[in-house]
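Please load the model into a viewer and keep the selection panel at hand. The tour proceeds by selections, each followed by a description of what is found there.

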Amino acid sequence: MEYSRTSPSQELPENGSGEYTRFFDYPVPGRYGDPTAEYAALKQGAAVVDFSYKEILRLTGKDPTGLLDAILTNRVPKEERLGVYAALLNQKGRIQTDLRVLKDGSGDLLLDTEPEGAAAAKEILGRYAPFSRVKVEDLSEEKPPWGILGFYGPRAGELLGGASLEEHETTEIEIGGVTVLAGGVTLPVSGYDLIGPSDKLRTVREQLVARGAVPTGLEAFETTRIEAAVPRFGSDITPENFPGEAGILERAVSFTKGCYPGQETVARMHYRGHPNRNLHQLVIEGAPPQPGAQILQSDKQVGTITSVAPLPVDGRTLALGYLRRSADPDAPLLVGESRIQLLTA
């Protein structure tokens, strides 16, 4: 499990060799074996998923929590080991990236982002950090680079010796003679994200597989993500979206914290108006479309597909996509020759 890092890619999911290259230029396995068995491990057993393509930043200095509270959409908890999911916006309230904040127990903060949002995160943090006497380090560029190993499923806690963590809560865990940071995960599937240098993660992965965990590719994980209706920055969320239309208000936005860039737009849209479009979970009845496909109603475009589950769930093809507020939920919706059923209103 050697980790290398290059710039993000926007290619479509399958490259013809069973590997995904949509999110990044270096190959990340779409599957290791039978993807349905890998999906079953996520839902019923224990699965390990490689997220080494994500960007990991470390904030150190006088008051990194204060810096983030001034610019994030969500409040960083006061508890020593509890983090948060949030977004960085521009002044107009559009999402520049989403991210997760974790605490390593020393007072430093770790942030992880999707590769499509990494440049924006570094630019915004770099703009504000000097005023707060905070240093921003890109751990993904260290030697060896830091990475994330997802470890999910109902048996994951058992294989980690019964560790129990809230969402975004962290602790150090020793596996195979090495220590890594473990963060609690509830969405899209419960378990842990294990964070540390790639050489340590390689040892951890070998140990977890030896204990019975199933190596799992992105086909199975993407299916659970879309099944849980969890949007991903770079696919379902872009810098054109507002939090109120992307379905992340409850998870990513606090309406009681202090000011942050874009707050006025977010509050006004939430309290006084309605977004012109909203992200929905969909069922595709027919041939699966590609992300970016138009959703039509009475021959007029009323939306766009953003993600399609690689695997069927209970015999259905699930997808995520935006629909305009003007779309009639009771009238037929089409993408190509396929009909669409809304699962979320």
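In which strand is the place of S338? The model on display is a predicted one, and in this model S338 belongs to strand β19, residues 338-342.

**Stop 1: S338 and its contacts**

Select S338 and display its surroundings. With a relative accessibility of 4%, S338 counts as buried, because the cut-off for that class is under 20%. Next, add I284 to the selection. The two residues are separated by 54 residues in sequence, yet their C-alpha atoms lie 6.5 Å apart in space. When neighbours within four places in sequence are set aside, the contacts of S338 are I284, E285, G286, A287 and L333.

**Stop 2: the six-stranded sheet**

Now select the strands β10, β11, β12, β9, β3 and β13. In that order they form an open sheet of six strands with mixed pairing. At its edges are β10 (170-175) and β13 (214-216), each of which pairs on one side only. On average, neighbouring strands of this sheet are turned by 30° against each other, direction ignored. As general background, the strands of a sheet pair through backbone hydrogen bonds, in either the parallel or the antiparallel sense.

Narrow the selection to β12, residues 191-197. How many of the residues of strand β12 are buried? Seven of the seven are buried, so β12 is largely enclosed by the rest of the structure.

Two partners of β12 can then be examined in turn. Strand β9 (residues 146-152) pairs with β12 in the antiparallel sense over seven bridges. Within this pairing, Y152 has G191 as its bridge partner in β12, and G147 stands opposite G196. Strand β11 (residues 178-185) also runs antiparallel to β12, to which it is joined by five bridges. Here G183 stands opposite D193 of β12. The connection from β11 to β12 is a hairpin of five residues.

Before leaving the sheet, add helix α5, residues 198-210. This helix lies across β3 (47-50), β9, β10, β11, β12 and β13, and runs at about 140° to β12.

**Stop 3: strand β7 and its partners**

Select β7, residues 109-113. Five of its five residues are buried, so β7 too is largely enclosed by the rest of the structure. In a regular strand, side chains alternate between the two faces of the sheet. Display the side chains of β7: L109, L111 and T113 point one way, whereas L110 and D112 point the other way.

Add β4 (residues 55-61), which is antiparallel to β7 and joined to β7 by five bridges. L57 has L111 as its bridge partner in β7. Then add β6 (residues 95-103), which runs antiparallel to β7 with four bridges between the two. In this pair, R100 stands opposite D112. The hairpin of β6 and β7 has five residues between the strands, and among them G105 takes a positive phi near 90°.

From L57, move to E137, which is placed in strand β8 (residues 134-138). Is E137 buried or exposed? Its relative accessible area is 19%, and E137 is therefore buried, the limit being under 20%. Apart from residues up to four places away in sequence, E137 touches I56, L57, R58 and T60.

**Stop 4: the helix pair α2 and α3**

Select helix α2 (residues 64-71) together with helix α3 (residues 115-132). They pack at an angle of about 130°, with their axes 10 Å apart. The two helices are therefore oblique to each other, and α2 passes α3 in a right-handed crossing. To show the contact, select L67, L68 and I71 of α2 with I124, L125, Y128, A129 and S132 of α3.

**Stop 5: helix α9**

Finally, select helix α9, residues 263-271. Which residues of α9 are buried? They are T265, V266 and M269. These residues cover an arc of only 100° around the axis, which puts them on the same side of α9. The buried residues of α9 pack against β5 (84-89), α7 (243-246) and α8 (249-252). Rotate the view to the face turned away from this buried side, where the exposed residues E264 and Y271 are carried.

Conventions: Residues numbered from 1 in each chain as written. Predicted model: local features only at pLDDT ≥ 70, side-chain atom pairs only at ≥ 80, totals over all residues. Heavy atoms only, no water. Buried < 20%, exposed > 50% of the residue type's maximum accessible area, 1.4 Å probe, protein only. Pairing = 2+ DSSP bridges. Arc of directions from axis to C-beta. Contact = heavy atoms within 4.5 Å. Axes fitted to C-alpha atoms, helices over the stretch in contact; angles between N-to-C directions. Parallel < 35°, antiparallel > 145°, perpendicular 65-115°, else oblique. Left-handed = near helix turned anticlockwise from the far one by under 90°.
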